[in-house]
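Q: Can we go through this model together? I would like short answers in plain words.

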Amino acid sequence: MTLRLHTQARNSAGERVRIALNLKGVAYEYVPIPALADEAYRALNPQRLMPAMEVNGHVLTQSLAILEYLEEAYPEPSILPADPIARAQSRAFAMAICAELHAVTVKRVRRRLTAGQVDGWYGHWTATTFAALEQMLVDRAVTYSFCFADFPTFADIVLVPQMANARRFDCDLSAYPVLCRIDARCQALEAFQAARPERQIDYRP
């Protein structure tokens, strides 16, 4: 099976997929996208969002949908907890970032704001979401090494790129010690390190 991942180094949604592929040890071809306005990419993904993954001629979009595909197509090692409740919690945690936070802070949204509004907008939604995520982890019935298991799951895969985004916008993360602790634990793993923007062939400082 041939997998081709179309994305850019600094795209956090693409980074999520790279992390999942690395954790599962699945080989893939990394295809840098020159520009979202590029007609070739528009033909591949009419929504013109990143990433897109080609699987034997089929095109998959939306990072969480791609993670679900990878879990079903390559079940071992799993990136979801075995317990059904913990699985749902991991998915909900990931959705809180992807659907609630990331969706309102991406570049195409920020472009609608004035220069003076961006930092306040980004900081507000990051603090709102991170406070809820921190509480979700504090309230866990079991304290795991990672978010909802003793190995990285959807929740951790989505959390780490978002933490990097928050640091890039100088968000104060001191109020989220559990998030910071899990983020550091993830970043110590090669699967996460290899997915970082600076390790990609199209990275530009």
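A: What follows is a chat about helices, loops, cysteines, aromatic rings and a pocket.

Q: What kind of model is this, and how are residues numbered?
A: This is a predicted model, where local features need pLDDT of at least 70 and side-chain atom pairs count only at pLDDT 80 or more, while totals for chains, interfaces and linings use all residues. Residues are numbered from 1 along each chain as its sequence is written, and side-chain values use heavy atoms, with hydrogens and water left out.

Q: Where is Leu-133?
A: Leu-133 is in helix 6, residues 115-138. Helices here are DSSP runs (H or I, at least four residues), as strands are (E, at least two), numbered from the N terminus.

Q: Is Leu-133 buried or exposed?
A: Leu-133 is buried, at 1% relative accessible area. Buried means under 20% relative accessible area, exposed over 50%, and partly exposed in between, with a 1.4 Å probe and protein chains only.

Q: What does Leu-133 touch?
A: Leaving out residues up to four places away in sequence, Leu-133 touches Phe-93, Ala-96, Ile-97 and Leu-179. Contact means heavy atoms within 4.5 Å.

Q: Leu-179 is in helix 8, then. Which residues of helix 8 are buried?
A: In helix 8 (residues 177-187), the buried ones are Val-178, Leu-179, Ile-182, Asp-183 and Cys-186. They sit on the same side of helix 8, because they cover an arc of only 130 degrees around the axis. The arc is that of the directions from the helix axis to the C-beta atoms.

Q: Why would residues three or four places apart point the same way?
A: An α-helix has 3.6 residues a turn, so residues at that spacing point the same way.

Q: What do the buried residues of helix 8 pack against?
A: They pack against helix 4 (84-105), helix 6, helix 7 (154-168) and helix 9 (190-193).

Q: You listed Cys-186 there. How many disulfides does a search of the whole structure find?
A: Zero. A disulfide is counted here as a pair of cysteine sulfur atoms within 2.5 Å.

Q: Why is there no bond for Cys-186?
A: The closest cysteine sulfur to that of Cys-186 is in Cys-147, 6.7 Å away, which is too far for a bond. Cys-186 is buried, at 0% relative accessible area.

Q: And what about Cys-98?
A: Its closest cysteine sulfur is also in Cys-147, but the distance is 12 Å, again too far for a bond. Cys-98 is buried as well, at 14%.

Q: New topic. How many aromatic pairs are there?
A: The structure holds four aromatic pairs. One of them is Phe-93 with Phe-148, edge-to-face, at 5.8 Å centre to centre and 75 degrees between the planes. Rings of Phe, Tyr and Trp (its six-membered ring) pair if their centres lie within 6.5 Å; planes under 30 degrees apart count as stacked, over 60 as edge-to-face and the rest as tilted.

Q: Where in the chain are Phe-93 and Phe-148?
A: Phe-93 is in helix 4 and Phe-148 is in the loop between helix 6 and helix 7, 55 residues apart, so this pair links distant parts of the chain. Both Phe-93 and Phe-148 are buried.

Q: What about Trp-121 and Trp-125?
A: Their ring centres are 5.9 Å apart and their planes are at 70 degrees, so this pair is edge-to-face. Trp-121 and Trp-125 are four residues apart in helix 6, about one helical turn. Trp-121 is partly exposed at 31%, and Trp-125 is partly exposed at 29%.

Q: Where are the cis peptide bonds you can point to?
A: One runs from Met-50 to Pro-51, with omega near -5 degrees, and another joins Glu-76 and Pro-77, with omega about -10 degrees. Pro-51 lies in the loop between helix 2 (39-44) and strand 3 (52-55). Pro-77 is in the loop between helix 3 (63-73) and helix 4.

Q: What is odd about Arg-48?
A: Arg-48 has a positive phi of about 60 degrees although it is not a glycine. Most residues other than glycine have a negative phi. Arg-48 is in the loop between helix 2 and strand 3, and is partly exposed at 32%.
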